[in-house]
Amino acid sequence: MKIISLNAWGGAMYEPLSDWLAQCDADVLCLQEMTHTHGLSGWTGFADGERSLPQRASLVDDVQRHLPDHRLFFVSCDSGPVVDAQQRPYREEFGIAMCVHKRHPVVHVESVFVHGEYQRHTVWPHSGRPRAAFGVRLIDAERNRTIAITHLHGLRDSAGKGDSPERLAQAQRLAELSQRVGQGADLSVVCGDLNLLPDSETFAVLKRVGLTDLIGTADTRTSRYKKDVRHANYMLVSDVSQVIRCHAPAEPEVSDHRLVILDV
């Protein structure tokens, strides 16, 4: 089974992303920074006072169109204003998505906010926005085993990626969700853009519930990311013996984050 995690960057690199999606062989694809704007397709402009980005109006619809054999689950963390090419205003939903190939039966689905609660912004804040985690328990059709997969886009803090009381609380809620989703599973996986440094206390919290990080200090950013700290994305498992390979390849570049690929 192949599990891939990617911060999709709102589809800012949509052309290479769509090319990759067209031949994506993931059994489960976990996507962060996903967008949905009801009644609008194409491009929008996003701004939060710190940065401005082009985004796909509904990356959710774009991805589903490229992956017709996958079930797509989308969870909205918050919403706020965007404008189309004619500068007309719209309200965009922002969150995370998981695509599960239809050959794998899904037997449990659960989501919980690990920081804050859903908000409707009149102006996008650049820090401290709400974060939800999402998990499924599925049957691996090829090996007749149960796998639980939970992912999230971790709290973004303008002060950096260091530990904080908010991130510790986030870690505890994530660990609790992973345990519930993974109840009775043969393997549990936690992944995503955690927005953390490799020595974060979050990994100790997850270790206590049996999860081991496979990424460590590896570079998980692409050439599109210009800052010095290049840690963000992680992949953790409950049973390292089931891992065939876990890596974050430099190519293809489809975002400012690298793909994180786990084969089990």
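This report describes one helix and several salt bridges in a predicted model.

## Basis of the model

Residues are numbered from 1 along each chain as its sequence is written. In this predicted model local features need pLDDT of at least 70, side-chain atom pairs count only at pLDDT 80 or more, and totals for chains, interfaces and linings use all residues, while side-chain values use heavy atoms and leave out hydrogens and water.

## Helix α1

Helix α1 spans residues 14-22 (helices are DSSP runs of H or I with at least four residues, strands runs of E with at least two, numbered from the N terminus), and in this helix Tyr-14, Leu-17, Ser-18, Trp-20 and Leu-21 are buried. These residues lie on the same side of α1 because they cover an arc of only 160° around the axis, the arc being that of the directions from the helix axis to the C-beta atoms. Buried means under 20% relative accessible area, exposed over 50%, and partly exposed in between, with a 1.4 Å probe and protein chains only. The face turned away from the buried side carries the exposed residues Glu-15 and Ala-22.

## Salt bridges

A salt bridge is a side-chain nitrogen of Lys or Arg within 4 Å of a carboxyl oxygen of Asp or Glu, and by this rule the count comes to twelve. One of them joins Asp-263 and Lys-2, with the closest N and O atoms 2.9 Å apart; Asp-263 is in strand β15 and Lys-2 in strand β1, 261 residues apart, and both are buried.

Glu-110 and Arg-180 also meet in a salt bridge, at 2.7 Å from N to O, which links strand β7 with helix α3 across 70 residues.
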